[in-house]
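Student: Before I rely on any label attached to a model, I would like to see the reasoning behind it. Could we go through this one together?

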Amino acid sequence: MEFYAKFLQTLVQWQYQLNSFISTNIRSLNYENNLNTSLIILGVAFVYGLVHAIGPGHGKALVALYFTSNKSDYKKAFKMGYMIAIIHAFSALIFTFGIFFILKTMFRKNFNEFSEIAMQISAVMIIGVGIYLIYEAYSGRKHKEKHFKKSSKSELAVAFSAGIVPCPGVMTIVLFCVVLGQYTLGALSAIAMSIGMGLTISVAGILSIALGRKTNGLLNEKAYILEMIGGLLVLSLGIILFVI
Amino acid sequence: MKYIFTFLIFFSSVFAHPHTFIEVYPTVEVQKSKFSSIHFKWVLDEMTSTILIMELDSNANGKIDKKENDYIEKEYFSMFKPYNYYTYVKVDKKVIKFKPKNFKATIENHKLCYSFDINGEFDIKNTIFEFGDSDFYVAMVLKDEFVTIKGASVKVSGIDNDFYYGYKLEFE
């Protein structure tokens with residue numbers, strides 16, 4: 001685990017520095033409005049999102065499992081990463097602005113409650129996707145072509161399941177900007193950060209497709225078994241997320 | 001290979017990653033190889049601080065008053081109890097339970113700070129302080145220059161806790 005520990009330490013250090021850079025610069029905008037600083041903040045928010053999503057979470061497991069169990073191309077993985085990023089950004093924006101403007105005070109406590117509800121909804125959706133994948137694999141085991149076409153329908157469901165839980169990291173940036181009265185910059189930072197996260201999530205999908213291609217060739221005849229295992233893993237992920 | 005990869009990300013997905021950063025400033029005094037005072041100061045990152053200050057500095061005077069301090073201690077700081085205040089005092093490898101004393105919240109350079117003391121009637125020789133959040137929602141940050149020590153010397157190093165990263169203080 002030596003390597004993993006070093007990896008985690010580096011990720012944390014980078015995020016700690018990026019987080020500090022963003023907050024100091026956003027605050028400085030309150031004293032002097034400067035387009036260059038705003039653009040730098042958005043660039044750094046993008047990198048922050050990219051690094052932030054490398055750490056555990058953000059639906060990478062779900063995306064990787066999905067692409068392990070479904071034959072796909074890299075383009076689809078890229079598209080999926082970005083669908084998740086868009087949903088992630090919007091859910092963070094809606095949650096933050098919604099809670100902030102409706103409830104104003106007691107934000108922190110309510111945020112925890114809402115976050116838990118969103119997590120449960122996401123878990124139920126992931127369980128649904130798992131069941132759907134198992135059903136697809138089972139019913140499509142003799143109709144490969146048909147199955148391949150049908151499976152693309154579940155992509156949106158996967159993206160929704162992974163993206164609906166708003167990222168507390170994005171919410172923090174948005175709320176920080178809102179508190180300082182930088183509403184537009186808050187919304188743009190959330191989008192920039194989500195684009196960064198989308199890139200990382202896409203890479204997780206692309207990697208699992210690349211690894212899947214190497215092994216799947218040998219097992220092409222029995223591919224539906226792999227697909228079912230993938231579905232079962234997605235289902236277990238949903239159950240674990242629901243329970244904790 | 002595919003399954004190792006899949007299982008790795010499957011497991012790691014269950015764990016969160018840091019969203020809040022807390023710098024830890026320990027101030028420790030040692031007399032005759034025993035701790036005579038142990039004080040910790042946490043400095044929360046600016047983003048988290050700003051959001052919390054908005055709510056916790058209820059009269060918005062830029063300071064934490066007595067009433068606000070009591071509220072923070074009761075409603076916020078006590079929430080860290082189940083997490084052992086992200087601080088593990090280990091004597092002979094056993095975790096010692098402690099109750100924080102003299103809690104004080106302050107605002108310094110737009111950052112929210114929590115200060116508290118703990119009692120330490122033990123020998124420094126076999127004592128280690130570890131800092132970290134096993135849920136990895138919070139990242140505790142400790143650097144050499146954050147430590148103030150009298151009467152002994154200290155070593156700061158990182159610890160690998162499998163799925164989260166922490167720091168430890170060893171005394172000599």
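The dialogue below takes up several labels in turn and sets each against its criterion.

Student: What kind of model is this, and what are its ipTM and pTM scores?

Tutor: This is a predicted model, and its scores are ipTM 0.79 and pTM 0.74. Chain A averages a pLDDT of 75, with 74% of its residues scoring at least 70, while chain B averages 84, with 88% of its residues at or above that value of 70.

Student: Which elements of chain A have the lowest and the highest mean pLDDT?

Tutor: Helix 6 of chain A, residues 144–151, has the lowest mean, 49, and helix 2 of chain A has the highest, 88. The pLDDT is also below 50 over residues 105–110 of chain A, a stretch with 9 contacts beyond near neighbours in sequence, and over residues 145–150 of chain A, where the model has 6 such contacts. In chain B, residues 1–16 stay under 50, and for them the model has 35 contacts beyond four places in sequence.

Student: How do you know that the length of helix 2 of chain A agrees with its number of residues?

Tutor: The expected span is 1.5 Å times one less than the number of residues, so the 20 residues of helix 2 (residues 35–54) of chain A should span 28 Å; the end C-alpha atoms are 29 Å apart, and therefore the two values agree.

Student: Which residues of helix 2 of chain A are called buried, and what makes a residue buried?

Tutor: The label requires 20 or more other C-beta atoms within 10 Å of the residue's own. In helix 2 of chain A the residues that meet it include Ile41(A), Val44(A), Ala45(A), Tyr48(A) and Ile54(A). Buried residues make up 45% of the 244 residues in chain A, and 34% of the 172 residues in chain B.

Student: What makes a set of residues a nonpolar core, and which residues touch the most other members of the largest one?

Tutor: The members must be buried nonpolar residues joined through C-beta atoms within 7 Å, and the largest set that qualifies has 93 residues, in which Leu62(A), Val63(A), Ile173(A), Val234(A) and Met140(B) touch the most other members. Helix 9 (residues 183–216) of chain A supplies the largest share of this core, 10 residues. Another core, of 6 residues, lies apart from it and includes Val28(B), Val30(B), Ile38(B) and Ile124(B).

Student: Which residues is Leu62(A) in contact with, leaving aside its neighbours within four places in sequence?

Tutor: Leu62(A) is in contact with Ile126(A), Val158(A), Ser161(A), Ala162(A), Val234(A) and Leu237(A).

Student: How many helices and strands does each chain have?

Tutor: Chain A has 10 helices and 0 strands, whereas chain B has 3 helices and 11 strands.

Student: Why is the pairing of strand 10 with strand 11 of chain B counted as a pair?

Tutor: At least two bridges are needed, and 7 bridges join strand 10 of chain B to strand 11 (residues 165–171) of chain B, so the criterion is met; the two strands run antiparallel. Within this pairing, Asp160(B) stands opposite Tyr165(B) in strand 11 of chain B.

Student: What is the order of the strands in the open sheet of chain B, and which are called edge strands?

Tutor: The sheet has 5 strands in the order 4-3-7-11-10, with antiparallel pairing. Strand 4 (94–96) and strand 10 (154–160) of chain B are the edge strands, as each pairs on one side only. From one strand to the next, the twist averages 30°.

Technical notes: Residues are numbered from 1 along each chain as its sequence is written. Chains are lettered from A and ligands numbered from 1 in the order in which they are written. This is a predicted model: local features need pLDDT of at least 70, side-chain atom pairs count only at pLDDT 80 or more; totals for chains, interfaces and linings use all residues. A residue is buried if 20 or more other C-beta atoms lie within 10 Å of its own, exposed if 12 or fewer, and partly exposed in between; C-beta atoms are placed from the backbone. Helices (H or I, at least four residues) and strands (E, at least two) are DSSP runs, numbered from the N terminus. Two residues are in contact if their C-beta atoms, placed from the backbone, lie within 7 Å. Axes are lines fitted to C-alpha atoms, for helices over the stretch in contact, and angles run from 0 to 180 degrees between N-to-C directions. pLDDT is the predictor's confidence in each residue, from 0 to 100.
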